[in-house]
Every structure is written in structure tokens, then in C-alpha cells.
Amino acid sequence: MYCDKVIELLKELERSREDTIPPYNNDGINQVLSEMKTLDAEIIDFLRKQKDNLPLDAIRLRRAAIERNKRCLMTYIWTRLQRLKEMRWEIGAILPSDVRQNLSQSEIEWFNNYCKTLVSYMKTIGSDTGLNLTQDTKPPKSLYTEVRSLVDAGKLELESGEVLILRKNSQYMLSRSQAEPLIRQGILEQVRQ
Amino acid sequence: MMHPAEIEFLAENEIIQIVPTFNHASHVHLICGSYGPFRAGLPLNVPIWVALNLRQKKTCRILAPDWMTVDKLQERLEEEKASKFFTQLPTNYYLEITQMLLTVASEDIPQGNDIKTAVKDLWDLRIAKLRSSVDLFVKEGRVQASLNHLTPMEINSVRPVFPDTLDALMTLHEHINSSDDREDSSQSSGATPSSTSFSLSL
Amino acid sequence: MNFCRQTQSNSKTKSFNTNSINLKSSRIDSVASLDDFPFTKKILTNYLNEILILRCHCVEPRRFQDNTTNIKEINMYRNIKPHYFSIDAIMAAQEKIQCSFIKKVEHVDFLDSIYSDKDEESDPKIELPLWMVKVFLVGKSIQFDMPKAYNEIYRGVLTADANVVDLFKLCKHFYLFGKFLSQLEHREAYEVRRTLIQTFIDRFKQTMDWAQNIDDNQPCFNRLDCLERLIFNDARVAQQHLNIYLTEGSGQMEIAAMILNYRKRKIHESRVLE
């Protein structure tokens with residue numbers, strides 16, 4: 001039946017968790033596109049062959065199928081982009097490698113552009129240094145915070161220029177702004193008071 | 001929807017009395033106002049966030065707000081029970097202020113645990129009231145309601161659900177012939193079929 | 001390529017114009033891959049334009065909800081109302097309906113078999129997805145009976161006590177599919193719509209109660225239809241925030257939920273491999 005393939009694509013998305021992006025199904029998309037093409041050719045064929053007594057139902061159905069295929073394909077792309085966008089805010093500009101390899105070329109391009117636009121926008125806020133919108137999504141309580149390193153993360157250059165070597169299970173006092181992204185990435189953990 | 005931490009942030013601007021243990025002759029000028037002078041032993045008004053910061057550095061003692069006594073809270077609780085509507089509370093942030101003060105300055109507040117219980121009772125009572133009003137509102141299909149004296153945190157507890165529920169109901173109520181989206185509208189526009197509607201494809 | 005944007009006067013559909021490009025003509029001349037497709041490109045550029053006013057909404061999304069198209073679209077992702085890109089709405093229109101043809105429809109391959117099976121006397125029956133039924137209704141070639149979940153018997157059950165019904169089992173997209181059905185021309189359409197609204201209202205309190213009591217509510221959750229699930233999840237997240245705030249206070253920075261889930265999955269996968 002028409003549109004079954006594109007529904008499969010959407011089911012793939014539906015089945016995956018909302019915070020993941022399944023592999024970009026290029027084959028599936030091409031199959032849908034060629035179905036659309038065939039449907040279109042058939043409509044044109046009907047119109048050429050029969051000037052009167054058009055098989056209206058058949059034409060309407062094909063047209064509806066083309067529209068629906070289009071809608072579903074766009075939904076597929078749109079939903080993936082929404083998830084990708086959330087990742088930028090949740091995780092940051094560097095995507096985990098297995099998310100990255102699931103993206104299509106244009107999606108990677110889009111993501112890079114999105115990051116660029118985000119950064120250049122944030123630079124324009126405020127007078128000189130700009131404002132990092134991804135930071136302090138919840139009101140901060142203090143400027144500094146005590147953290148524990150969960151892994152041997154290696155060198156970390158502090159805002160003061162000092163270099164800190166993060167070792168597993170050691171505790172450090174860091175500025176909140178520097179600690180927050182690392183906590184979000186799961187490298188550090190905030191010591192509970 | 002706001003995060004509870006964000007509402008707490010708003011609550012931190014409320015004014016509270018502290019007794020500093022240090023001297024600072026001039027006013028401190030802040031975006032939210034000017035405070036001071038600080039004289040050891042003399043109470044003065046400051047925003048809660050200032051009070052908490054000073055308290056954490058052990059440079060002041062916080063005076064519990066007037067309403068923050070077990071007796072006063074019990075009174076409120078009785079009043080709330082007796083009233084069909086929401087009663088007006090002395091502050092919009094009773095839950096958050098209690099939480100903050102008891103975390104940072106529990107020694108300054110007498111009967112801290114009892115106060116905590118009383119505030120929780122008050123909160124539970126009001127939330128139960130709020131939930132049943134929301135439920136009644138939906139059940140009776142009303143379009144307008146006015147609820148006075150709700151605090152931001154209380155409103156926030158129904159905020160994520162209420163608009164969604166009304167959206168869902170509206171979706172269901174929408175006129176039977178209205179179309180739900182573009183795909184369908186292009187379908188219904190084909191209700192008067194003629195071969196000209198396909199001429200575009202030629 | 002004949003893709004172009006269509007401007008619609010209808011204000012309701014207007015909000016979709018920036019991100020969907022209407023296929024005015026159904027003609028597609030050359031198809032290589034989606035990357036060559038203008039609508040992909042256009043969507044991508046639109047996103048670039050749209051981007052950033054937006055995440056100011058990290059403070060409070062709803063505050064920024066106003067009538068401008070772009071901002072509305074941002075909130076669409078988790079919007080409860082069906083919209084052009086809503087997977088739920090698409091899936092609801094994919095639910096099957098048993099119907100019979102009054103007129104013979106020619107030139108549609110998958111319909112040919114139903115005519116050949118039987119003689120022409122009795123109306124041939126077939127299950128079709130809702131969006132197709134809609135097409136055939138335009139030409140009055142088809143008639144259908146309300147699907148099981150919406151027939152008189154089930155309407156009776158739902159009216160009697162909606163809270164005991166496992167809606168998800170009955171129909172995954174109970175409300176949306178029902179709504180679409182009731183928009184079709186059918187003598188029971190009005191009744192169906194009324195049952196939908198009443199069912200939703202009757203079940204609302206139960207859904208809320210489940211969401212706000214943080215026990216393991218998986219069995220309850222499983223009985224909710226997709227629309228109710230969205231509401232349930234929203235309520236659940238808010239309740240969790242509040243509970244954490246009340247027990248642990250604020251100011252704690254946490255690992256991103258995405259990373260946490262990602263790790264859990266990794267651990268799970270490596271266990272499965274062993």
C-alpha cells in the first residue's frame with residue numbers, strides 16, 4: 001500500500017528513545033522518493049491518456065499519497081533536527097561519536113552552522129565578552145563549587161591560567177562556570193553539602 | 001514551566017531582618033536597592049540572598065520572619081481549613097523561605113522541625129485544594145476561573161499540566177469540520193473535484 | 001523542480017508556512033537523494049534564521065510563546081496539539097478502518113485483488129488507513145463502519161466508567177484517531193466526538209493522580225493513550241523537580257540526562273554482548 005515505507009521510517013524514530021538519534025536511513029528515504037516519483041509519473045500518465053472520464057479516485061489517492069509522503073519525510077528530518085538541537089543545549093558542541101556517525105552529511109553541516117550561529121549570537125549579548133546562554137540554566141548559588149573528578153580526565157586549564165590535572169576521585173575547588181559543563185558531561189560531580 | 005530553583009531565586013529577593021556581627025558604616029548599593037549601614041547587634045532589613053550569604057560566612061544572625069512561628073502557622077492552617085477559597089498568606093514564598101532559612105540558618109529559628117511540619121501541612125492542604133479546583137474546572141468544562149492568593153510555587157505545580165490539558169480538550173472540541181492540518185486541508189479543498197484542479201500537474 | 005511556498009490566508013495553517021514548503025505541483029523531475037532536495041535545504045536555512053532568539057526560553061519557554069511564527073514553532077516539538085510535523089497525528093491517520101466500496105475504483109493496484117475475490121454483487125471489504133478513506137469519501141466511493149473502539153458498545157463502556165478501560169490497548173491514538181474519524185462524514189460522528197470529550201474529562205483526575213504520586217506507575221502508564229501519556233509525562237517531570245527541590249534543595253548541578261541515559265545504554269549493551 002502507498003506510504004507504508006515512509007511510515008516505517010517514522011516508526012524507527014518513534015521506537016528510539018527521545019534522547020537518541022537513530023542512523024539516518026538514506027535507503028529508506030530514497031525508496032520513498034522514488035515512490036513519489038512513480039506516483040507522479042502515473043498521474044501525468046492518466047492526464048495525458050484520458051482527456052475525459054478521468055479516474056478521479058485513483059488520481060486523488062496518488063496525490064494524497066505524494067502529499068503524505070512529503071509530510072512524513074519532512075517530519076522525519078524535522079524530528080531529528082529537534083533532537084539534535086536539544087543535544088546542543090544538553091551536551092554541548094561536541095557530540096558523542098556514535099551520535100555523530102548516525103547523522104547525514106547535511107545534518108552535520110546544520111549542526112555546525114547551528115553551533116556557529118549560537119556562538120556568534122551569544123557574543124553579541126552584553127557589552128564586551130558576551131553571555132554564555134548555555135550556562136547557569138538554573139540560578140547559581142555560589143561562585144565556586146567543590147567537585148570530585150569521576151575519571152582521570154587529564155589537564156584542565158583554569159581561567160587563571162593555572163593548569164590542573166584531574167585525577168579520579170580527587171576533589172577540587174573550581175569556579176562554577178568552569179565546573180558546570182564538565183559536570184554536565186559527567187566528568188566531574190558536585191560534592192553535596 | 002519554571003523550575004522550583006527559579007522560583008526560589010525570586011523568593012531570595014524578599015526582605016528579611018538580620019542582626020550583623022560586624023560594622024560597616026556606609027550603605028551597600030545593589031541593583032535591587034541600597035542596604036546598610038551595618039552595625040553589630042542592630043537589626044536591619046536585607047534581601048534574603050544577602051542574609052544567607054552573610055549567614056554562611058557567620059557574620060550575622062537571621063531573625064525569623066513574624067509569620068514563621070508554630071503558633072502563627074497553626075492559625076493559618078486552621079483558617080485555610082475553614083475557608084472554601086485560598087486564604088491570603090503573609091508571603092508569596094512561604095515554602096521556599098522556610099526551606100532556605102532552615103537549611104542555612106536552622107540554629108537561628110526556634111522549633112525548626114515543627115515549623116517545617118506546619119509549613120508542609122499548609123502546602124499539602126493548599127495543593128489538595130488546588131488540585132480539586134483544577135479537576136472541577138476540567139470536569140465542568142468551564143472556561144474561566146479566578147483563584148486568588150495562590151503563590152508562584154503553587155501555580156507552578158499545575159502549570160505544566162493545565163495548559164496541556166486545556167489544549168487537548170480544545171483539540172477535541174474543535175469544530176467537526178475544521179481541518180487539523182495542512183495535509184488534510186488540501187484534501188478537503190478537493191471537495192469540489194474537477195479536472196481543472198489537476199491541471200497544475202501538467 | 002516546482003517546489004514553492006504557498007501563502008495561505010487561513011491563519012491556522014499559517015504557522016506552518018515557514019517550515020513546510022507546499023508541493024503545489026506533484027511533479028518531481030529528478031530525484032537523487034534527499035540532500036539534493038530543496039526542501040531539506042530550505043528547512044535547514046530556516047533553522048539557521050530561526051535559531052536563537054529562542055533559547056532565551058531556557059528560562060521559561062512559555063513566556064516567549066506569542067504569535068510570531070518562529071517562536072511558536074520552537075515549542076511545537078513537544079506541543080500537545082496535533083501539527084504538521086507531529087508523529088502522533090501522522091500515526092493516528094494511519095490507523096486502519098474497515099470499509100466497503102460502493103463504486104469500483106480502477107487503476108489502484110492493491111485494490112484490484114478485492115474485486116477479483118468476490119463477485120460484483122456484494123460490496124467488497126478492505127481495511128484502509130484513515131487518510132485513504134478520506135480520499136475515497138470525497139468521491140463518495142466508499143462507506144465505513146466506526147472501528148471497534150468507537151462503536152456503540154464501546155461508547156457505552158466508556159460512558160459507564162472510562163477509568164477502567166485500557167485505552168492504549170483499545171487504540172494507541174484513541175483521542176486523535178477518534179477526532180479525525182469524527183471529522184469524516186458519518187452518522188455517528190457527533191456521538192463519537194462527545195464520547196471522546198467525556199472520556200478525556202472522566203479520566204483526567206486519574207491521570208493526574210497517577211502522575212503526581214511518585215511510585216512505580218508503569219502499569220498505570222501503560223493504560224494511557226498517547227495524548228494522555230504526554231500530559232502524564234509533563235506532570236511527572238514537574239513533580240520530580242519539586243520533590244527533588246523539597247528533599248535536596250537547589251543549587252546542585254547535575255550530569256545531563258542525555259549523557260546519563262547514554263551511559264546506561266552502553267553498560268546494558270556491553271552486558272548483552274557478554
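This passage goes through a predicted model of a complex, chain by chain.

For the complex as a whole, the predictor reports an ipTM of 0.85, along with a pTM of 0.78. Chain C is a mixed bag on the local score. Its mean pLDDT comes out at 71, with 67% of its residues at 70 or more. The weak spot is residues 1–74 of chain C, where the pLDDT is below 50. That stretch still makes 106 contacts in the model beyond near neighbours in sequence. Where pLDDT is low, though, the predicted coordinates are not to be read in detail.

Turning to the fold of chain C, the secondary structure adds up to 13 helices plus three strands. Of the 274 residues in chain C, 33% are buried. As for how the chain meets itself, take the contacts with a separation of 6 or more: 63% of these in chain C link residues 24 or more positions apart.

Chain C also touches chain A, with 48 residues of chain C in contact with 61 residues of chain A. On the chain C side, four helices each put in at least two residues: α2 (38–50), α4 (87–92), α6 (130–138) and α13 (257–273). Of these, α2(C) gives the largest share of that side, at six residues. A caveat belongs here, since residues 1–74 of chain C have a pLDDT below 50 and α2 of chain C spans 38–50. Sorted by class, the side of chain C that touches chain A has 32 nonpolar residues, twelve polar ones and four charged ones.

Over in chain A, the domain assignment splits things into two pieces, domain 1 (4–124) and domain 2 (144–190). Between the C-alpha centres of domain 1 and domain 2 of chain A there are 40 Å.

Chain B offers a helix pair to look at. Helix α1 of chain B (residues 4–11) packs against helix α4 of chain B (residues 94–104), their axes 9 Å apart and at an angle of about 85°. With angles of 65 to 115 degrees counted as roughly perpendicular, α1(B) and α4(B) are therefore roughly perpendicular to each other. From α1(B), the residues making the contact are B:Ile7, B:Glu8 and B:Ala11, while α4(B) brings B:Glu96, B:Ile97 and B:Met100. By class, that gives four nonpolar residues and two charged ones, with no polar residues in the contact of α1(B) with α4(B).

Methods:
Residues are numbered from 1 along each chain as its sequence is written. Chains are lettered from A and ligands numbered from 1 in the order in which they are written. This is a predicted model: local features need pLDDT of at least 70, side-chain atom pairs count only at pLDDT 80 or more; totals for chains, interfaces and linings use all residues. Axes are lines fitted to C-alpha atoms, for helices over the stretch in contact, and angles run from 0 to 180 degrees between N-to-C directions. Angles under 35 degrees count as roughly parallel, over 145 as roughly antiparallel, 65 to 115 as roughly perpendicular and the rest as oblique. Two residues are in contact if their C-beta atoms, placed from the backbone, lie within 7 Å. Ala, Val, Leu, Ile, Met, Phe, Trp, Tyr, Cys and Pro count as nonpolar, Asp, Glu, Lys and Arg as charged, and the others, Gly among them, as polar. A residue is buried if 20 or more other C-beta atoms lie within 10 Å of its own, exposed if 12 or fewer, and partly exposed in between; C-beta atoms are placed from the backbone. pLDDT is the predictor's confidence in each residue, from 0 to 100. Domain bounds come from an automatic or database domain assignment.
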